[in-house]
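Open the model in your viewer and keep the selection tool at hand. The stops below go from one strand outward to the whole chain.

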Amino acid sequence: MKVSALTLVRNRREHLVNLMLSLEAQTQRPDELVIAWMQPEAETDLPKTHFPVRHVMVEGDALPLAKARNAAVNAAAFDGLIFLDVDCIASPTLVARYREALAHQAALYIGEVHYLPADAVRQRADGTLDLTHLATLGERHPARPTIEDDEIRREPDHGNLWGLSFALMRQDHQRAGGMDEGYRGYGGEETDYAWRLAAADVPLYWVGGALAWHQHHAMYAPPWPHFEAIIVNARRFYSRWGQWCMEYWLNQFHEADAIRWSPVAEVIEIVRRPTQEEIAAARLPASARYG
């Protein structure tokens, strides 16, 4: 089976370079990489690879994440799709494990993601990544299970889909209706997508051996920089499903007296918007690996 690796990029050149280097170092490389650019121009002087790289430009001032993912799927030459966040570095067996799982059964597959501290990524003198070093530094998120390298485990809750690393067949993506491009900016589109796939009877599995390392970037708690998008997208999700998503973040906004909301509420009422001082104060230290 041939597979397309897909990623989305806005102002993440260094992270993209590391992702591409890790795909070049796979035990089985992808048959192509599709890059959906959410910025005016594609980056130049990217690493040379033994697989073709296809580029697609996606317009949108707010992060058009759902639109970009759909565009990447439409541009892909192959039916096996591996979605990798640009912040990911793929462990050497990631593509092989996803390919093997998809060839065995069409389903939605998610691999482990371990989080790296700041300044963790090193290149050797020959330009390759020191993946052994990353393996010693990566930290599992406490909400994620431990998966053996040769294990495939059924996951009954599609809400556990995190969009950093997953794979499925194009036909299942299309049968679920793709991603809802009405979600704009950060938040909600992945959970909506997961629920669409569940409604289309696409089963979800964890895949061992498909580990990715998440490269460090600035994070905020509460995620004030995405306040407006989270509220709008949460309302969109509720209007379709009759339940809230992103409750953890909504509760942070509620506790900060920025919104009136509870998990049993039918609406979100904005009380105030964050100040620039609050946004700056919410930035987590470089030692934080996840929010």
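Select Leu 84 and then Ser 165, its bridge partner in strand S9. This is a predicted model, and the pair is a convenient way into the strands around S9. Now extend the selection to strand S4, residues 80–84, together with S9: the two pair in the antiparallel sense over five bridges.

Next, add strand S6, residues 108–115. S6 also runs antiparallel to S9, and two bridges join them. To see where they meet, pick Tyr 109, which stands opposite Ala 167 in S9.

Keep S9 alone for a moment and show its side chains. In a regular strand, side chains alternate between the two faces of the sheet. Ser 165, Ala 167 and Met 169 point one way from S9, while Phe 166 and Leu 168 point the other way. Are these residues of S9 buried or exposed? All of them are buried; the strand, residues 165–169, is mostly covered, with five of its five residues buried.

Move on to Ile 82. Leaving aside neighbours within four places in sequence, Ile 82 is in contact with Phe 166 and Ala 167, and also with Val 3, Ser 4, Ala 5, Leu 6, Leu 94, Val 95 and Tyr 98. A second, separate core of 31 residues includes Leu 6, along with Met 38, Phe 83 and Ile 147. Ile 82 itself is among the residues with the most contacts inside the largest nonpolar core, which has 43 residues. Select the others in that group as well: Leu 16, Leu 23, Ile 35, Leu 94 and Tyr 109.

For a stop on the surface, go to Thr 27, in the loop between helix H1 (13–24) and strand S2 (32–37). Why does Thr 27 count as exposed? Its relative accessibility is 55%, and the cut-off for exposed is over 50%. Beyond its neighbours within four places in sequence, Thr 27 is in contact with Pro 92, Thr 93 and Ala 96. Select Ser 91 too: its C-alpha atom is 9.4 Å from that of Thr 27, although the two residues are 64 residues apart along the chain.

Finally, zoom out to the whole chain. Its secondary structure comes to nine helices and twelve strands. The radius of gyration is 19 Å, close to the 19 Å that the globule rule gives for 291 residues, so the chain is as compact as a globular protein of that length. Along its principal axes, the C-alpha trace spans about 55 × 40 × 40 Å. Of the 291 residues, 52% count as buried.

Conventions:
Residues are numbered from 1 along each chain as its sequence is written. This is a predicted model: local features need pLDDT of at least 70, side-chain atom pairs count only at pLDDT 80 or more; totals for chains, interfaces and linings use all residues. Side-chain values use heavy atoms; hydrogens and water are left out. A nonpolar core is a set of buried Ala, Val, Leu, Ile, Met, Phe, Trp, Tyr and Cys residues joined through side-chain atoms within 4.5 Å. Buried means under 20% relative accessible area, exposed over 50%, partly exposed in between (1.4 Å probe, protein chains only). Contact means heavy atoms within 4.5 Å. Helices (H or I, at least four residues) and strands (E, at least two) are DSSP runs, numbered from the N terminus. Two strands pair if DSSP finds at least two bridges between them. The radius of gyration is taken over C-alpha atoms; the globule rule is 2.2 Å times the number of residues to the power 0.38.
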